[in-house]
Amino acid sequence: MRFQGKSRLGFYPLPLSEAQLIRRFLLFPDQSTSAVDPCIGDGVAFEVITNGAEVLSYGIELDAYRAEQARQRIPNIIQGNTLEVQCPVECFGLLYLNPPYDWTMGPADSRRTEQSFLSHTYRWLKPGGVLVFVIPGDRLAECSHILASHFRDVRVYRLGAPECIRYKQVVVIGARRSRREKERLTDSDISRARLYYASLARNPSQIPVLPSEPEAQYDIPVSGPAQLVYRGLPLDEIEDLLPHSAAYRQAGRILFADPVSATGRPLTPLHAGHVGLLACSGLLNGIFGSGDHRHIAFWQAVKIIDKTEEEDEKGVITMREKERFANELTVVYSTGQVAMLK
């Protein structure tokens with residue numbers, strides 16, 4: 001995952017326009033049912049998907065701030081890692097899952113988080129319970145075994161909002177098979193379904209866009225209250241207590257060292273190489289000069305990508321990209337003039 005994604009813990013909220021379209025596919029019972037969002041974020045999308053129904057809503061969120069936001073909309077919120085939450089099987093009538101898009105590292109191997117979250121939570125659905133699964137379309141293949149084995153009447157749609165197109169998001173809607181339905185499946189049925197999901201992952205353009213009018217509606221079964229138990233570490237308490245620990249104070253001298261500052265005049269005049277090293281390391285950042293020549297200087301390293309094209313005798317064009325780092329100086333004068341040297 002890119003740094004921007006990691007900085008927000010893989011949070012890619014579903015646009016409200018798409019949540020409203022998904023809501024039309026769901027037919028809630030007259031009686032109360034329960035629904036869960038294991039990656040609830042701020043709870044806005046989940047609130048729209050369950051809007052107008054008598055639902056006992058549950059959510060899990062790793063980020064403390066977003067968990068507090070979700071708690072204002074959904075009363076039953078656990079702040080922690082979904083993979084460390086335990087729940088009795090076959091509790092919920094609806095599972096809305098929009099997991100982080102990343103890799104998870106295990107003791108023996110690594111696999112996609114979309115697959116890990118689906119494997120951990122699909123068992124919480126009752127037979128006939130409805131799954132709404134939002135993932136990048138090219139990750140359908142990794143989740144194909146669970147989808148093919150445990151879900152029927154599955155439909156896959158591309159999401160059309162601009163931010164969804166950017167991340168190639170699709171929505172998978174299906175109902176969980178009962179034990180009897182699963183026993184009737186043959187190996188060829190599962191293989192055929194897995195090949196179908198793999199073909200969609202390779203060619204996402206063939207996936208239809210989520211329609212404004214549903215092609216079918218999914219009946220959500222009645223279900224009672226559920227019990228989610230968090231078995232992980234109390235992250236908020238640890239974060240509050242950590243600065244007071246002796247180990248943290250020792251590590252703080254290294255992790256949060258005082259910024260390096262250079263003052264005074266050098267013993268001998270600096271040559272061009274010395275000046276270049278000081279500038280690139282940021283030790284020449286600051287305010288310099290006087291009068292009209294007074295200015296603020298700021299040096300930074302920037303990554304540059306050089307692109308080249310080569311065409312062979314057969315007309316095949318090969319494009320190459322080479323990354324390199326260069327230094328950039330920004331100077332802001334007292335007159336408001338800005339100069340940038342690269």
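Which residue in S11 stands opposite Pro136? In this model, which is a predicted one, the residue is Gln169. I start there since the pair sits where two strands of the main topic today meet.

So, the sheet. Seven strands make up an open sheet with mixed pairing, and the order across is S4-S3-S2-S6-S9-S11-S10. Two of these strands pair on one side only, namely the edge strands S4, residues 76–79, and S10, residues 151–158. Averaged over the sheet and ignoring direction, neighbouring strands are turned by 15 degrees against each other.

Now to S9 and S11. Strand S9 covers residues 125–136, strand S11 covers residues 169–176, and the two run antiparallel, joined by 7 bridges. Helix H5, residues 113–121, packs on this sheet and touches both S9 and strand S6, residues 92–97. The direction of H5 makes about 170 degrees with that of S9.

One residue of S11 to pick out is Gly174. Gly174 is buried, with 2% relative accessible area. What is Gly174 in contact with, once neighbours within four places in sequence are left aside? The partners are Gly129, Val130, Leu131, Phe151, Arg152, Asp153, Val154 and Tyr218. Of those, Phe151, Arg152, Asp153 and Val154 fall in the range of edge strand S10, residues 151–158. For a longer distance, take Val44: Gly174 and Val44 are 22 Å apart, C-alpha to C-alpha, with their positions 130 residues apart in sequence.

Next, charges. Side chains of opposite charge can pair when their charged atoms come close. How many salt bridges does a search of the whole structure find? The count is 15, and I will go through some of them.

Glu47 and Arg73 form one, with the closest N and O atoms 3.5 Å apart. This pair links distant parts of the chain, 26 residues apart: Glu47 is in helix H3, residues 44–49, and Arg73 is in the loop between helix H4, residues 64–71, and S4. Glu47 is partly exposed at a relative accessible area of 36%, and Arg73 is partly exposed with a value of 36%.

Another joins Lys303 and Glu323, at 3.7 Å from N to O. Lys303 lies in strand S15, residues 295–311, and Glu323 in strand S16, residues 317–333, so this salt bridge ties together parts 20 residues apart in sequence. Lys303 counts as partly exposed, at 47% relative accessibility.

Lys307 and Glu321 also meet in a salt bridge, with 3.9 Å from N to O. Here too the pair links strand S15, which holds Lys307, to strand S16, which holds Glu321, and the two residues are 14 apart. Are these two buried or exposed? Both Lys307 and Glu321 are exposed.

There is also a network: Arg152, Asp153 and Glu181 are joined by salt bridges that share partners. Arg152 and Asp153 came up a moment ago as contacts of Gly174.

Last, cysteines. The disulfide count is 0. Why is there no bond between Cys87 and Cys91? The sulfur of Cys87 has its closest cysteine sulfur in Cys91, at 4.1 Å, and that is too far for a bond, because a disulfide needs the two sulfur atoms within 2.5 Å. Cys87 counts as buried, at 14% relative accessibility, and Cys91 counts as buried with a value of 14%.

That is the end of my part.

Methods: Residues numbered from 1 in each chain as written. Predicted model: local features only at pLDDT ≥ 70, side-chain atom pairs only at ≥ 80, totals over all residues. Heavy atoms only, no water. Pairing = 2+ DSSP bridges. Helix = DSSP H or I, 4+ residues; strand = E, 2+ residues; numbered from the N terminus. Axes fitted to C-alpha atoms, helices over the stretch in contact; angles between N-to-C directions. Contact = heavy atoms within 4.5 Å. Salt bridge = Lys/Arg side-chain N within 4 Å of Asp/Glu carboxyl O. Buried < 20%, exposed > 50% of the residue type's maximum accessible area, 1.4 Å probe, protein only.
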